[in-house]
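Hello,

Here is the structure I said I would pass on to you. Please have a look at it first, and then read my notes below.

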Amino acid sequence: MSILTSASSTELLPNQLVSGEYTDEKYVETLRWIGTKYNQLSTSINLMGNVGVGVDTVTTYIQEYLDNLTYIYGSQTPDYYNFFIKDVNGNDTRTPLFRGLDVFKIFNYLNGEATDLIDPLPKILSANAYSKGALSAKMDMFDFVNFQIKEKLFLSLLQQEAGYSFKAIDRDFKTQNEVDKFFMSAKEEMEVAYTRIAKHACYYNNYQNKLPKAFSNVLIGSLGMICVEYKKGQMVWRVIQPENAVVDYSKSLDVHENDDFAGEVYQMPLTQVLSEWDWIEEEREELNAIARNNNNLYADFYTGYATNNLFWFTNVENGVPNVTIIKGQWKSNEMVDGVVKEILREGVYIGGKWLKDNKISEGQIWKNGDVSRKRLKYIIVTPSLFLGTTVSTIGIIKRIANLRDAFLTKVTDMASTPLGKVAIIRASKLPNGLKTPDIIAQMKQAKILVIEGEDTEEGDDGRKMAETLDLTIDPSIMSILQIAQYYEGMISDVLNIPNQVRGQITDYASKTQLQTSQSQSTKGLAYLFKNFLLFEKELLSYSADLFKVMAPNDELGMEHLSMIVGDGVAELMSMEVVKRMSFEEFLISLNPNDFISSADKEQLAQLAFQSASSGMPTTVLKNFVKIKQLETLTETYNYLDETIYKEQAREDAAIAAQQEQDMAKAELAASTQQNIIAEQTDASLEKAQMDNETKLTAAAMSNREKPKQ
């Protein structure tokens, strides 16, 4: 790759529909433009020309993330309430500003709640082919294969005479039975295949490690971002930290589906840069020269780029030269047969000078329902995004936590100054024998305040020799503690997380009350958890689509695909007609009701025990589980109505079968009786005939024995 000079950046996305070749310079120009979107203001959306619409803030989303992160470490410095540690003259007191950990407590609780959403993820996956497109595509291929078998002789002659061959699928079917077996369960097998692919993506990418990290980023910075890439025959997830993310905030969708661009900005050690990509000798030498910047010859690479404090090279942190890298993907255009098509392009821009891995993205995954619209490989969630602005959970509660900490600072100050009740003795009124320096020193060591140097005239001034001074804590400190406690309750109210829900029960609460509080708390946090569930769904949907498109074209990917879904289904998925399907045809749906909770398990176990002890039919258990899976009363009614109808039909069929059996038995008995009568009649006739024959024989013998006359 040749060395490229730095291209100028613009405020607008560079023109993507170019005549001729999309050059390397055009890639550089676009990647530099993506770099200008790094660390932008969180309210940068203009709706009315040059009039900005947004809140009054100049905070960038990365600065907000870093500030929120200090509350997790307990190192926050809320300058808004520094006046709490000033005296009446505006001077700093010795009391430090209190740094509470209420935010950290909420952060840990919500992370724990998220595990209930993340851990069962592979278990709640199910794929359903809800579109007729999937079935029609299978039937079209089925018809083609049938034609291939029926017209086998004709196609063979056609190939011999004209050199033209027809093969619907790369598989030889000899009999119709083989075709039927192959296509009979294609729909069901594809559903199972997608479920297995999605589950494989979870386990291969250690989902219990990466998804909680993404959720933590959502809590702190209101930004969860994962990049999905196809590498070495596998789906690979990379969690992009908010401090590295480049996000399109203009669409105001919590789960970003229509973004025009996305990317990341990060630094990589020079040693890794040299081994990650291929370089020619001149490029390696220049990289090393810039990284060392001898005699300040390459100062331009160490100055800020655009307005976001991005530096191309740094080496001040740990002495290791680091190179800044911009990696991005964006929607571009391509002219195909006179029609403008939307495509995805991507590239890597290194050190403000070198371009690598620039190309049209492999695996152009399209949006469900619209093949013309492409989906970026960066899967992003920003809960409660409006007008390009989103506030994280930590960002919301830190404002209240800061005020609570300010009042606790005041409590600390009030508690640090009191000396209790102090005894005061005036040395001038002590008897002469007790005025010695040794005696006074001993009284001071006993924490008695000795006042020396007062007027020693003989006249009585009316003051006592010893008094008690009350320097105990101001009773108003309890009121201030109540104010701090009020703000702690406000944090719970804002998040809709009562103390009882978090296990901090101060008063008695029944089980029903606790369940009600938990249910209401879940509804109040739906914006957070539901959006993250949709984020997971989009992540798995894109991963399975990408694997379906890329794996059949790659030997290693096909090997992995066969291991996941089996050889037969892998062969089915390699069909072009199937590869062209997205989840418009085979949609992965996440249904939390498919995961059985511990309470449901206990209830089902009790029902099973009752069924076994009372002789109740096991179909009751089946109906119980099925009804738990249903979403609406209409579905429940339809299921019960269908079940009752089937049961009645079975009963009617059993009665009809019994009646038919009884009739058959009656007919058999009548037939048997007739046979018996017939046999008895035949026996009587035979006996009569035998008797007649016996009589005739006897008469004949008698005639022979008579003498002739």
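**What I found**

Of the 709 residues in the protein, 40% are buried. Please keep in mind that this is a predicted model.

Let's start with the overall picture. The protein has 21 helices and 18 strands. Its accessible surface is about 40900 Å², and carbon and sulfur atoms account for 53% of that. If you take the contacts between residues at least 6 apart in sequence, 70% of them join residues at least 24 apart.

Next, how far does the predictor trust its own model? The mean pLDDT is 76, and 71% of the residues reach 70 or more. Two stretches to treat with care are these:

- Residues 1-9 have pLDDT under 50 throughout, and the model gives them 27 contacts beyond four places in sequence.
- Residues 44-56 also stay under 50 in pLDDT, with twelve contacts beyond four places in sequence.

Where pLDDT is low, the predicted coordinates should not be read in detail.

Finally, here is a spot on the surface to look up in the viewer. Which residues form a nonpolar patch there? They are Leu17, Met335 and Val340, which together have about 250 Å² of accessible area. Val340 belongs to strand 10, which covers residues 339-350. Is Val340 buried or partly exposed? Val340 counts as partly exposed because its relative accessibility is 41%, and that class runs from 20% to 50%.

Enjoy exploring, and write back with any questions!

Best wishes

Conventions. Residues are numbered from 1 along each chain as its sequence is written. This is a predicted model: local features need pLDDT of at least 70, side-chain atom pairs count only at pLDDT 80 or more; totals for chains, interfaces and linings use all residues. Side-chain values use heavy atoms; hydrogens and water are left out. Patches are made of residues with over 30% relative accessible area and no salt bridge: like charges are joined within 9 Å, nonpolar side chains (Val, Leu, Ile, Met, Phe, Trp, Tyr) within 5 Å. Accessible areas come from the Shrake-Rupley method with a 1.4 Å probe; for residues, only the protein chains shown count as cover. A salt bridge is a side-chain nitrogen of Lys or Arg within 4 Å of a carboxyl oxygen of Asp or Glu. Helices (H or I, at least four residues) and strands (E, at least two) are DSSP runs, numbered from the N terminus. Buried means under 20% relative accessible area, exposed over 50%, partly exposed in between (1.4 Å probe, protein chains only). pLDDT is the predictor's confidence in each residue, from 0 to 100. Contact means heavy atoms within 4.5 Å.
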